[in-house]
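Here is a briefing for a reader meeting this structure for the first time. Look over the sequence and the model, then read on.

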Amino acid sequence: MSSIQIQHFDDEMEINMGPQHPSTHGVLRFRTLTDGELVRKAIPEIGYLHRSIEKIAEMVEYHGFMPYTDRVDYVAAMTANHGYALSVEKLLSTEVPKRAQYLRMIADELCRIASHLISVGTFPMDLGAVTPFVYALREREKINDLIESLCGARLTYNYVRIGGVSFDMPDGFAQRVSAFLDQFEPLMNEFDDLISSNNIFIDRLGGLCPISKELAIAYGLVGPNLRASGMEWDLRKHLPYAAYDEVDFDIPVGDGRCGQIGDCFDRYWVRIAEIRESVKILRQCLVQIPEGEIQAKVPKTIKPPMGQSYAAVEAARGEMGYFVISDASKNAYRVKIRTGSFSAMSIIESQSKGLMIADLVALIASLDVVAPEVDR
Amino acid sequence: MNHLVLAVEAWMKALESYTMSLSEDSIWLPFFGILNQVPQEVWLAVSMFLSASMILGMIIAPIAGFSTFVERRVAGRIQARIGCNRVGPEGLLQFLVDGVKLMSKEDHIPQGADRFLFKLAPYFLILGAFMSFACLPFGKYIVVSNINVGILYLLAVSSLVVIGILLAGWSSNNKWSLLGAMRSAAQIVSYEVPLGMSLMIPVMLVGSLSLAHLNRYQAEGFSSWLIFAAGPFTFIAFFVYFISALAEVNRTPFDLPEAESELVSGYNTEYSGIRWGLFFVAEYANMFLIGGIATTAFLGGWQKSVANIPFLVFSLFFIFFALLKIVFYGPAFVQSLGRKKGVLFALAHTKVRSFSKPLVLVLLFLSVLSSVGLHVLSDFWLVSFFVFISKSYFFVFIIMWIRWTLPRYRVDQMMDLCWKRFTPLMFVCVMGTALWMLWSQR
């Protein structure tokens, strides 16, 4: 494993953090060089969750790859489905029916809320407060119930199809979603009372590890991590896909409310604000969704014309892009997946210098790194 | 001590008369002959040992066990779930089952560990906790050893914990354990300073280190409680004591030594089975001890805490109600307080089933009834025991409530709090109390 040469000093202790460690949320590993409590450097070692998903894409047909995309990011699988579908549709130049686009948006936003709930729930847990996690997961369960009634699965949905979606909304789905949103929004205020305005929480995170806008762009950070650094960039707004140009929402940006712009608290707060924006989008989608088809005409065995395409969606952890090369056969020639967690992982080494061990845990949690996205 | 001497004399007399009544050819005669020659001092030592271990075993073990049950129920309520309710009535016997489970688990000692120190470490913790209980006055007549330097003894003995934790962390041959142990050593040694100074304030006021004297000083009800004795100073000292004590027993927000999200499990990472269980018995015993010392030094100890009827109603309603709430309904009561913003702690509030109104009225009635009853019966030793236990458990509950609500501090922030805030504050308070005493004498 040891391809990286590490210079050793006499007073340095090397601690192995992970792959099984409570705060790494999955199987991440950090070789941590410390001087007592002080971290000199935390070197991420990836590959513990590698499942060769990109290679599998070359072995199965275009439709058959869809279930594997669930596993790219199993915390918010809808967006992973969506990105792949978009990319292949671009190759095929397929027009997706409006209703399917709205259904995809509803599913995406529900998933984004669920994913951000995990993020903001595990964050306090990494700082020692266990209870908010339980509250967040309780709400996530309700979202899982909703998605289960939509597509029959609770974690790996396989809901989006190339050219549409697999099922239409069941009866009463819209009412149940809006009922959920009605009881969910005040709960977010309670969540704020409990943890976002907690003094210890703010003391711990305010001004911790600020990532400047330039640095964030240089490391290729995307999504909430980039927006927390003050960069207003959201694919849903700036390169709209599906029907995001028909709904109205704001892009929350880090403002350094408890320290500096781009610190750990901003990364937390942007996610909290994004949950509220997603609620707004969902309400509009439920009203605007048109009647009609949910699936365009797509052949059973897809053989796209020779060429390549790249399409990206704004996933819960930022831009998730699928680069698909077709050689006009029934399998893709190459599929490359670009995920947010991978670039977030790369910034940890440079940012970890001089942190406390406790802060390193907070930094990892604030970047919302999800292990399957890193390795794929 | 007098009771014991009387009991031993009675025992020796009984032994002598029984030996006299034996017939000449009884085979037991030589045996009883030897027993009769045992001097009184030895009997006294034996009886002290027996009674002390009886009291410790019969009080600490159930207290620690019951506390784990309370902790699980409180945590359950705060986290919008139920908590253990299967074994025994409402899950009360869960801790016995847990104990049996822990004892039947493999006792694993990691490779490269210092086996002797590894085995020794939990006993230091247990020893520290149990020895502290020896001079805690649980109630009228219920104290193992009423020594005249009680507070000093408590501070000294409770420091044994840090040796146990250091040994555990060092001998485990695990870097996470070592980090936890180092944190713990720094933390406990630092917080001894404000803790000791905050306990000095009642000692100054009473003029004695004895816990019995502290108790007697507060015998005249609510108004004589030491927390109100020297204006703002004792009041501040009480809170400083409580927060420092939280750091002493490594509970949230100062649970850095066993921070499970940072150090896996800190100093007890490598422990398993009953050795791990001993760490927990010690932790829960120490939690109760915090409450016990706070009660004795600041809040009237086991004395009937009431001088007049309105306060009688208030205090006992509070204790009784809080206790019931804690055990069976979790912190719903506390959550209702927490709905007001700006309360000191960010409070866990969720939509938990609230009390029905008739039930509240019935409880109110019962608590008034029982408090009047208590007032009448307050000379009965069992009542004083109940008063002490309820007050102490109230603090145990507060500690649990904090644990399931707050995140933890970072090492440097924790040290800041100790050395830059609490220690100077306590210097001011000690000075202030001294001036207050001078002024009030005049």
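The points below go from chain A as a whole to its charged pairs, and then to the contact between the chains.

This is a predicted model. Chain A has 376 residues, and 61% of them are buried. Over all chains, the structure holds 45 salt bridges. Chain B touches chain A through 30 residues, which meet 35 residues of chain A.

**Chain A as a whole**

- The secondary structure of chain A consists of 14 helices and eight strands.
- Contacts in chain A with a separation of 6 or more are 72% between residues 24 or more positions apart.
- The exposed area of chain A is about 13,500 Å². Carbon and sulfur atoms supply 54% of that area.

**A:Arg112 and its surroundings**

- A:Arg112 lies in helix α4 of chain A, which covers residues 98–126.
- Is A:Arg112 buried or exposed? Its relative accessible area is 1%, under the 20% cut-off, so A:Arg112 counts as buried.
- The side chain of A:Arg112 makes a polar contact of 3.1 Å with the side chain of A:Glu109.
- Beyond its neighbours within four places in sequence, A:Arg112 is in contact with eight residues that can be named in turn: A:Arg236, A:Tyr241, A:Tyr244, A:Glu274, A:Ser278, A:Glu314, A:Ala315 and A:Ala316.

**A network of charged side chains**

- Which residues are linked with A:Arg112 in a network of salt bridges? The network also takes in A:Glu109, A:Arg227, A:Asp234, A:Arg236, A:Glu274 and A:Glu314.
- Among these residues, A:Arg236 and A:Asp234 meet through their side chains in a salt bridge, at 2.9 Å from N to O.
- A:Arg236 is buried, at 3% relative accessibility.
- A:Asp234 is buried too, with a relative accessible area of 1%.
- A:Arg236 also appears in the list of residues in contact with A:Arg112.

**A salt bridge within one helix**

- A:Glu58 and A:Lys55 form a salt bridge between their side chains, at 3.1 Å from N to O.
- Both residues sit in helix α1 of chain A, residues 53–59. They are three residues apart, about one turn of the helix.
- A:Glu58 has 18% relative accessibility, which is under 20%, so A:Glu58 counts as buried.
- A:Lys55 has 45% relative accessibility, which falls between the 20% and 50% cut-offs, so A:Lys55 counts as partly exposed.

**A salt bridge between distant parts of the chain**

- A:Glu246 and A:Lys98 form a salt bridge, with the closest N and O atoms 2.6 Å apart.
- Where do the two partners lie? A:Glu246 is in the loop between α10 (235–238) and α11 (264–288) of chain A, while A:Lys98 is in helix α4 of chain A.
- The two residues are 148 residues apart, and the pair links distant parts of the chain.
- A:Glu246 is partly exposed, with a relative accessible area of 36%.
- A:Lys98 is partly exposed as well, with a relative accessible area of 37%.

**Where chain B meets chain A**

- Chain B and chain A bury about 3,000 Å² between them. Carbon and sulfur atoms account for 59% of this buried area.
- How many salt bridges are counted between chain B and chain A? The count is two.
- A:Asp359 and B:Arg410 form a salt bridge between the chains, with the closest N and O atoms 3.1 Å apart.
- Eight residue pairs are in polar contact between chain B and chain A, both residues being at pLDDT 80 or more.
- On chain B, the elements that give two or more residues to the side touching chain A are α8 (175–206) and α16 (411–441).
- The largest share of that side, four residues, comes from α8(B).
- The residues on that side of chain B are 14 nonpolar, six polar and ten charged.

**B:Thr433 in helix α16**

- B:Thr433 lies in helix α16 of chain B. This helix is one of the elements that give residues to the side touching chain A.
- B:Thr433 is buried, at 0% relative accessibility.
- Apart from its neighbours within four places in sequence, B:Thr433 is in contact with B:Ile201, B:Met204, B:Leu205, B:Ala230 and B:Phe233.

Conventions. Residues numbered from 1 in each chain as written. Chains lettered and ligands numbered in written order. Predicted model: local features only at pLDDT ≥ 70, side-chain atom pairs only at ≥ 80, totals over all residues. Heavy atoms only, no water. Contact = heavy atoms within 4.5 Å. Buried area = accessible area lost by both parts, 1.4 Å probe. Salt bridge = Lys/Arg side-chain N within 4 Å of Asp/Glu carboxyl O. Polar contact = N/O pair within 3.5 Å; in protein donor to acceptor, adjacent residues only side chain to side chain. Nonpolar A, V, L, I, M, F, W, Y, C, P; charged D, E, K, R; others polar. Buried < 20%, exposed > 50% of the residue type's maximum accessible area, 1.4 Å probe, protein only. Areas by Shrake-Rupley, 256 points an atom, 1.4 Å probe, with all protein chains shown as cover.
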